[in-house]
Amino acid sequence: MKTVLCACMFVVFAIGALNPVNAQTPVKSYLIVVGDEDSSGQNPVVSAGQAVVWNNRTSATPFQVVIDNYSLDITAHPLTRGFVRKGTFLVTRSLIVPGNAASYYFLQPGTYPYRVSGPGLSYNGTITVKE
């Protein structure tokens, strides 16, 4: 039983860690951890095709992420999770509660300001996407 469970977990992990466009290329991401301590100053630089993941590691504070850029396409990557378009912004579909995350795969080079906000939590950052 343990062997079957371990094999299944490995297969799920291996499938989830690969880019569906090219099974030989691992998906890389930048993790922005939002915790109870000051989480400001996180300004990732990623390559086009990489994801930025916002992970809620607070003890009890839900928050929302807003990406300021009207040119981003919400349907551009099938693994983007948790974002919807609202006017010229991409926002998380709902509040990200502790233990959960949302991700966006940036396919277009550029500079994208973002905001994280929740009760008693507010900061800005910038994501730079290079080719």
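**Close-ups of a predicted model**

**View 1. Two strands side by side.** β1 and β3 run together in the parallel sense, paired over seven bridges. What we are looking at here, and in every view below, is a predicted model. Which residue is the bridge partner of I32 in β3? That would be W54. Strands of a sheet pair through backbone hydrogen bonds, and they can do so either parallel or antiparallel. Zoom out a little and the pair turns out to belong to an open sheet of three strands, with mixed pairing and the order β1-β3-β7. The edge strands are β1, residues 29–35, and β7, residues 101–106, and each of them pairs on one side only. From one strand to the next, the twist averages 15°.

**View 2. The chain as a whole, for orientation.** Before going back to the details, here's the overall layout: one helix and nine strands. Going along the sequence, the pattern reads α-β-β-β-β-β-β-β-β-β. There are 131 residues in the chain, and buried ones make up 34% of them. If you take the contacts with a separation of 6 or more, 55% of them are between residues 24 or more positions apart. The accessible surface comes to about 7,700 Å², and carbon and sulfur atoms account for 59% of that.

**View 3. T58, in the loop after β3.** T58 sits in the loop between β3 (50–57) and β4 (64–68). Is T58 buried or exposed? Its relative accessibility is 8%, so T58 counts as buried, the cut-off being under 20%. Its side chain makes a polar contact of 2.6 Å with the side chain of N56. A polar atom of the T58 side chain also lies 2.9 Å from the backbone oxygen of T61. Setting aside neighbours within four places in sequence, T58 is in contact with V34, G35, D36 and P98.

**View 4. S59, one loop residue with plenty of exposure.** S59 is also placed in the loop between β3 and β4. With a relative accessible area of 59%, S59 is exposed, because the cut-off for that is over 50%. Leaving out neighbours within four places in sequence, S59 is in contact with D36 and P98. Now look for V97: S59 and V97 are 38 residues apart in sequence, but their C-alpha atoms are 9.5 Å apart in space.

**View 5. S47, in a short stretch of strand.** You'll find S47 in strand β2, which covers residues 45–47. S47 counts as partly exposed, at 35% relative accessibility. Which residues is S47 in contact with, leaving aside its neighbours within four places in sequence? They are F106, V129 and K130. L107 is 60 residues away from S47 in sequence, with 8.2 Å between the two C-alpha atoms.

**View 6. A gathering of aromatic rings.** W54, F83, Y104, F106, Y112, Y114 and Y123 form one aromatic cluster. A pair of aromatic rings is described by the distance of the centres and the angle of the planes. The count of aromatic pairs comes to six. One of them joins F106 and Y112 in a tilted arrangement, 5.3 Å centre to centre with 40° between the planes. Both F106 and Y112 are buried. Another pair, Y114 and Y123, is edge-to-face: 6.5 Å centre to centre, with 80° between the planes. Y114 and Y123 are buried too. Two members of the cluster have already turned up: W54 as the bridge partner of I32, and F106 as a contact of S47.

Conventions:
Residues are numbered from 1 along each chain as its sequence is written. This is a predicted model: local features need pLDDT of at least 70, side-chain atom pairs count only at pLDDT 80 or more; totals for chains, interfaces and linings use all residues. Side-chain values use heavy atoms; hydrogens and water are left out. Helices (H or I, at least four residues) and strands (E, at least two) are DSSP runs, numbered from the N terminus. Buried means under 20% relative accessible area, exposed over 50%, partly exposed in between (1.4 Å probe, protein chains only). A polar contact is a pair of N or O atoms within 3.5 Å; within protein, one must be able to donate a hydrogen and the other to accept it, and residues adjacent in sequence count only if both atoms are side-chain atoms. Contact means heavy atoms within 4.5 Å. Accessible areas come from the Shrake-Rupley method with a 1.4 Å probe; for residues, only the protein chains shown count as cover. Two strands pair if DSSP finds at least two bridges between them. Axes are lines fitted to C-alpha atoms, for helices over the stretch in contact, and angles run from 0 to 180 degrees between N-to-C directions. Rings of Phe, Tyr and Trp (its six-membered ring) pair if their centres lie within 6.5 Å; planes under 30 degrees apart count as stacked, over 60 as edge-to-face and the rest as tilted.
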